[in-house]
Amino acid sequence: MDPLSAVSEELAEIEGQINDIFRALSNGFQKLEKIKDASRQSRQLEELTDKMRDCKRLIKDFDREVKDMESRSDVNTNRMLNERRQSMVKELNSYVALKKKFSSNLANNNKRVDLFDGPAEENMEENVLLASNMTNQELMDKGNRMMDDTDQAIERGKKIVQETINVGTDTAASLKAQTEQMSRVVNELDSIHFSIKKASKLVKEIGRQVATDKCIMAFLVLIVIGVIAIIIVKIVNPNNKDIRDIPGLAPPAQTRRLLWTHY
């Protein structure tokens with residue numbers, strides 16, 4: 001029998017669900033290595049990310065249960081539970097690292113950025129003919145204009161790069177804020193989910209106690225009704241020998257007769 005099952009069936013159930021997800025993640029990453037299509041790789045990564053998110057939520061539930069039982073368990077049990085939790089976190093982190101590696105490779109393969117468009121190729125013979133018909137001054141003016149155009153293109157490129165950097169910085173800051181907000185929301189949802197589970201468990205225990213109390217009360221009521229019935233029968237028919245006398249309760253008629261005889 002698993003030592004964890006002896007400590008808590010709920011913890012054993014959570015650990016079983018986590019182990020199922022770990023097996024699914026292992027198979028998923030092995031399958032991902034064989035996929036060559038970028039779109040299929042992206043879909044597979046999304047599915048694995050969802051599984052890791054579910055696994056993280058279950059580990060948090062496991063940690064809350066461990067902390068809830070910590071005051072009621074001995075030192076060896078608490079050590080065993082903490083080792084189990086650390087092992088789960090370590091294994092999940094290994095899959096998170098794999099996910100980051102595949103995501104980075106996928107991004108590098110899909111990255112195709114062209115900062116500048118190359119100039120169209122001109123007819124070489126035509127250029128030679130134009131150059132032969134131009135004076136030296138015209139050639140110099142033409143060269144200066146071409147250098148000015150090149151400088152302007154470089155400045156435009158620098159401006160585009162700077163704008164891209166600014167947009168990337170703003171986007172990164174916005175994504176970080178949204179990620180932190182989503183993390184807080186997920187933590188709150190996990191806490192609510194854990195509270196609902198604890199409340200459901202408490203309601204079930206209260207229901208069992210109420211059912212037990214109702215059975216006891218019903219049994220007591222039946223005893224009282226039986227005693228009252230016996231008393232009524234003895235009062236109405238005191239000479240009935242089929243019903244034994246209740247200790248401390250003598251038939252009223254016999255009591256009056258004995259008192260009269262004594263006097």
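A salt bridge is taken here as a side-chain nitrogen of Lys or Arg within 4 Å of a carboxyl oxygen of Asp or Glu, and the side chains of R64 and D61 meet in such a bridge, at 3.5 Å from N to O. The model is predicted, and its secondary structure comes to seven helices and zero strands. Buried residues make up 18% of the 263 residues in the protein, and the points below go from the overall fold to the core, the aromatic rings, the charged pairs and the surface.

**Overall fold**

- From the N terminus on, the elements of the protein run α-α-α-α-α-α-α, in keeping with a count of seven helices and zero strands.
- Among the contacts in the protein with a separation of 6 or more, 70% are accounted for by residues 24 or more positions apart.
- The protein exposes about 20600 Å², of which carbon and sulfur atoms supply 57%.

**Nonpolar core**

- The largest nonpolar core holds 27 residues, and I18 and F22 are the ones that touch the most other members.
- Two or more residues are given to this core by each of the elements α2 (9-34), α3 (38-69) and α4 (75-110).
- When its neighbours within four places in sequence are left aside, F22 is in contact with C55, M88, E91, L92 and Y95.

**Aromatic rings**

- The count of aromatic pairs comes to three, and one of them joins F29 and Y95, whose ring centres are 5.9 Å apart with the planes at 10°, so this pair is stacked.
- Because F29 lies in helix α2 and Y95 in helix α4, the pair ties together parts that are 66 residues apart in sequence.
- Both rings belong to buried residues, since the cut-off for buried is under 20% relative accessible area: F29 has 4% relative accessibility, and Y95 has a relative accessible area of 10%.
- F29 also forms a stacked aromatic pair with F102, at 5.9 Å centre to centre and with 25° between the planes.
- This second pair again links distant parts of the chain, with F29 in helix α2 and F102 in helix α4, 73 residues apart.
- F102 is likewise buried, with a relative accessible area of 17%.
- Taken together, F22, F29, Y95 and F102 form one aromatic cluster, and F22 is also one of the two residues that touch the most other members of the largest nonpolar core.

**Salt bridges**

- The count of salt bridges in the protein comes to nine.
- D61 forms a salt bridge with R57, in which the closest N and O atoms are 3.8 Å apart, and these two residues both lie in helix α3, four residues apart, about one turn of the helix.
- The partners R64 and D61 also both lie in helix α3, in this case three residues apart, which is again about one turn of the helix.
- At 2% relative accessibility D61 counts as buried, whereas R57, at 28% relative accessibility, counts as partly exposed.
- A further salt bridge is formed where the side chains of D68 and R72 meet, at 4.0 Å from N to O; D68 is partly exposed, with a relative accessible area of 31%, and R72 is exposed, with a relative accessible area of 60%.
- Salt bridges that share partners join R57, D61 and R64 into one network.

**Polar residues in helices α3 and α4**

- Q44 has its place in helix α3 and is buried, with a relative accessible area of 9%.
- Not counting residues up to four places away in sequence, Q44 touches G28, K31, L32 and I35.
- S103 lies in helix α4 and is partly exposed, with a relative accessible area of 27%.
- The C-alpha atoms of S103 and L45 are separated by 7.7 Å, although these residues are 58 residues apart along the chain.

**Nonpolar surface patch**

- I216, M217, F219, L220, I223 and V227 make a nonpolar surface patch of about 570 Å².
- Within this patch, F219 has its place in helix α6 (residues 136-236), and at 55% relative accessibility F219 counts as exposed.

Note on methods: Residues are numbered from 1 along each chain as its sequence is written. This is a predicted model: local features need pLDDT of at least 70, side-chain atom pairs count only at pLDDT 80 or more; totals for chains, interfaces and linings use all residues. Side-chain values use heavy atoms; hydrogens and water are left out. A nonpolar core is a set of buried Ala, Val, Leu, Ile, Met, Phe, Trp, Tyr and Cys residues joined through side-chain atoms within 4.5 Å. Buried means under 20% relative accessible area, exposed over 50%, partly exposed in between (1.4 Å probe, protein chains only). Contact means heavy atoms within 4.5 Å. Accessible areas come from the Shrake-Rupley method with a 1.4 Å probe; for residues, only the protein chains shown count as cover. Rings of Phe, Tyr and Trp (its six-membered ring) pair if their centres lie within 6.5 Å; planes under 30 degrees apart count as stacked, over 60 as edge-to-face and the rest as tilted. Patches are made of residues with over 30% relative accessible area and no salt bridge: like charges are joined within 9 Å, nonpolar side chains (Val, Leu, Ile, Met, Phe, Trp, Tyr) within 5 Å.
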